[in-house]
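Colleague: Could you take me through the annotated binding site in this one? I'd like a close look at that part, with enough of the rest to place it.

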Amino acid sequence: MSSPDYKKRKSSGDKALDNKCIDTIRVFSADMVQAANSGHPGAPMGCAPMAHLLWSENMTFSPSSPEWSNRDRFVLSNGHACALQYSMLHLTGYDVTLDDCKKFRQLGSKTPGHPENFCTDGVEVCTGPLGQGLTNAVGMAMAEKHLAATFNQPDFPVVDHFTYVICGDGCLQEGVTSEASSLAGHLGLGKLIVLYDDNNITIDGSTELSFTEDVSMRYESYGWHVQAVTDLTNLDSLRNAISKAREVTDKPSMIKVKTVIGLGSKKEGTHGVHGAPLGAEDLSHVKSKYGFNPEESFAVPSDVAAHYASVSKQVEADKSSWDAMFAKYQAAHPALHAEFVRRENRELPAGLLDLLPVFKAGDKDLASRKLSEACINSIAENFPELMGGSADLTPSNLTSLKCSSDFQASTPAGRYIRFGVREHAMAGICNGMFAHGNIRPYCATFLNFAGYALGSIRCSALSKFGVLYVMTHDSIGLGEDGPTHQPIEMIESLRSMPNVNVLRPCDTNETNAAYQIALTQHETPSVICLSRQTLPNLAGTDPAKAQKGGYIVSGGDNTDLVLVGTGSETGLCAKAAEELASAGIKARVVSMMCMDVFDAQSEDYKKSVLGEGLPVIAVEAAAVGSWNKYSHVQVCMKTFGASGKGGDLMSKFGFTLDNVVAKSKLVVDYYKSKGSAPDLFSRPVWDDVVSGH
């Protein structure tokens with residue numbers, strides 16, 4: 001399918017104006033850093049020619065509608081160079097004002113120290129950690145390719161855009177980009193174009209210190225189309241390289257652009273211009289060199305302003321042309337149009353959550369990873385934006401989609417992704433797919449290997465991307481693979497991260513609830529922790545109640561003890577309660593399927609679940625960590641695991657009926673001697689002192 005006419009913008013043909021625009025970007029960006037007395041002026045000054053050509057001649061976007069679905073995506077992977085991006089957003093008419101630019105890196109500004117998608121219109125993803133942006137861009141290009149195969153019809157290319165990236169040496173040294181770039185080459189993502197800012201400088205100094213590989217050869221081996229631009233004094237070489245890259249439809253493109261960091265500064269070409277303001281004297285020198293008044297800051301010459309205003313007018317006309325086409329698409333293909341709009345609005349299909357399985361008498365006990373498989377496939381056919389896969393663990397994670405083929409270069413309409421053994425990139429790619437829109441991505445590995453993906457999971461949480469992480473083999477119960485595979489601290493690590501829901505269901509009903517929470521919370525990623533071993537379906541579990549995070553499974557008000565568990569240990573608590581009843585001890589069983597959601601409940605509700613003055617024992621085959629706030633005694637892991645059968649390991653580390661019952665009796669006797677257990681919800685005196693001020 002050929003691109004429509006609005007994709008073919010031409011150069012103004014005015015070389016002097018091009019150079020003036022580029023110099024303006026350099027000086028404006030340097031002014032921004034100087035005003036903050038903090039930041040990175042060197043990369044924006046060196047990358048200015050790339051930014052000018054992308055925004056002036058290549059990118060399709062809409063400052064008035066920054067979320068327009070068919071905009072070209074731009075990602076500044078070397079996010080420390082964000083003064084460059086803010087300059088372009090300001091010049092082309094986005095809601096980034098001159099005052100915003102003057103407040104660069106200041107609290108509450110739209111121009112934070114690294115790009116943040118939730119702060120600034122025109123910023124797609126958070127690109128503080130190097131390599132994340134390029135990895136996210138791979139996910140965006142995958143989303144574009146899949147959605148084009150899903151929605152486009154003859155004469156209606158409703159999904160037809162590029163993903164452009166500027167990245168630096170640091171991005172290409174990070175392992176996550178190697179993972180992502182390898183997959184991008186395999187998938188033939190022809191709409192992905194990366195401009196590599198090859199300035200030979202990192203924070204430590206010259207790249208000769210640590211990075212001497214041949215990047216071009218590496219990317220050729222990945223299956224990319226690779227070009228090199230060695231001279232930016234004549235823009236035509238870069239202009240032609242971008243044009244050629246746009247014409248390559250079966251491979252992603254890398255353009256290796258030789259730049260000079262801090263070009264025009266007295267410190268150009270050195271690491272001294274990387275991460276510090278130029279200083280008043282050097283900035284005056286730069287302004288004089290480029291024909292600007294050294295006494296004037298944030299200057300935009302009138303002809304430069306007029307040029308970018310003209311660009312903005314053109315791209316808004318492009319957007320209007322697309323809108324007209326989309327209106328005709330509605331008439332010609334009403335069902336596809338309705339589906340596209342539903343996804344745009346993040347509306348779940350009617351009745352979708354009712355399709356999730358619930359426990360029925362006579363149902364077979366299963367591992368929660370098997371229950372997760374049932375949940376995924378119960379909704380997949382009716383939830384076509386669900387797209388994802390596993391890091392080469394499909395038979396173990398049980399994440400395949402029975403209703404869909406694989407997403408491959410030759411089958412882009414497929415929805416199941418073979419990420420390969422690339423956990424970190426897998427998570428970063430899912431962030432990019434979510435950021436693109438109209439896709440709800442999920443991905444899977446063993447829970448312990450979430451450690452390989454934590455950098456990207458953290459970006460999911462920060463960016464408010466509701467990615468679904470399906471993490472199986474969630475405890476020492478996985479057995480013989482041993483302590484390298486057994487997660488101990490991982491659940492606690494994830495719980496400590498803001499804006500992440502860590503869900504560990506104990507049976508069919510709770511797995512249903514876990515997916516309901518994950519699917520309905522678009523701005524919070526969910527980590528669903530699932531067992532390898534079989535779990536019993538428990539009387540008293542309830543999908544609706546479980547959506548409060550923690551709730552009473554059994555036991556009333558007349559209670560001696562509260563046993564609170566998660567996942568496989570909830571069933572152990574239920575058995576212990578039965579055993580204790582025969583000894584005359586009344587135990588309430590609480591399932592804490594999601595501590596993060598429980599944290600958000602009212603104090604009255606939390607007291608109604610865990611009680612007041614009652615001893616609480618937490619039982620979880622993971623690190624103690626946050627259980628101190630909701631229990632008096634913990635049966636948890638304090639060491640790494642071991643290699644052996646899952647049942648033997650549970651016995652060795654104390655997750656047995658005998659141990660929980662014995663510990664419960666001791667705790668009840670102890671607190672009876674004290675009169676009652678300390679109130680878990682009391683506030684220390686210090687809080688009262690602070691509130692008084």
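Modeller: Here is the binding site, followed by the chain around it and two backbone oddities.

Bear in mind that this is a predicted model, where local features need pLDDT of at least 70 and side-chain atom pairs count only at pLDDT 80 or more, while totals for chains, interfaces and linings use all residues. Numbering runs from 1 along each chain as its sequence is written, and side-chain values use heavy atoms, with hydrogens and water left out.

The unreviewed UniProt entry gives "binding site" to H80, G128, P129, L130, G170, N199, H274 and F449. These residues are spread over 370 residues of sequence, and in space they lie up to 34.5 Å apart between C-alpha atoms. UniProt positions are in the numbering used here, feature names are shortened, and annotations may be inferred rather than shown by experiment.

Let's go through some of them. G170 sits in helix α6, residues 169-173. Helices (H or I, at least four residues) and strands (E, at least two) are DSSP runs, numbered from the N terminus. N199 belongs to the loop between β3 (192-198) and β4 (201-202). N199 has 11% relative accessibility, so it counts as buried; the cut-offs are under 20% relative accessible area for buried, over 50% for exposed, and partly exposed in between, with a 1.4 Å probe and protein chains only. If you skip neighbours within four places in sequence, N199 is in contact with D169, T259 and I261, contact being heavy atoms within 4.5 Å.

H274 is in the loop between β7 (253-258) and α10 (280-289). H274 counts as buried because its relative accessibility is 11%. Leaving out residues up to four places away in sequence, H274 touches G39, H40, P41, G42, H80, I203 and I261. H80 in that list is itself one of the annotated binding-site residues, and I261 also turns up among the contacts of N199.

Now the wider setting. The protein chain has 25 helices and 20 strands, and its C-alpha atoms fill a box of roughly 90 × 60 × 45 Å along the principal axes. Its radius of gyration is 28 Å, which agrees with the value near 26 Å for a compact globule of 693 residues; that radius is taken over C-alpha atoms, and the globule rule is 2.2 Å times the number of residues to the power 0.38. Of the 693 residues, 60% count as buried. Among contacts with a separation of 6 or more, 77% come from residues 24 or more positions apart.

UniProt, again from an unreviewed entry, puts the feature "domain: Transketolase-like pyrimidine-binding" at residues 366-537. That stretch is 37% helix and 18% strand, with its end C-alpha atoms 8 Å apart.

Finally, the backbone. Most residues other than glycine have a negative phi. D392 is not a glycine, yet it has a positive phi of about 65°. D392 lies in the loop between β9 (386-390) and α14 (394-397), and it is exposed because its relative accessible area is 53%. L398, also not a glycine, has a positive phi of about 60°. L398 is in the loop between α14 and β10 (416-418), but it is buried, with a relative accessible area of 13%.
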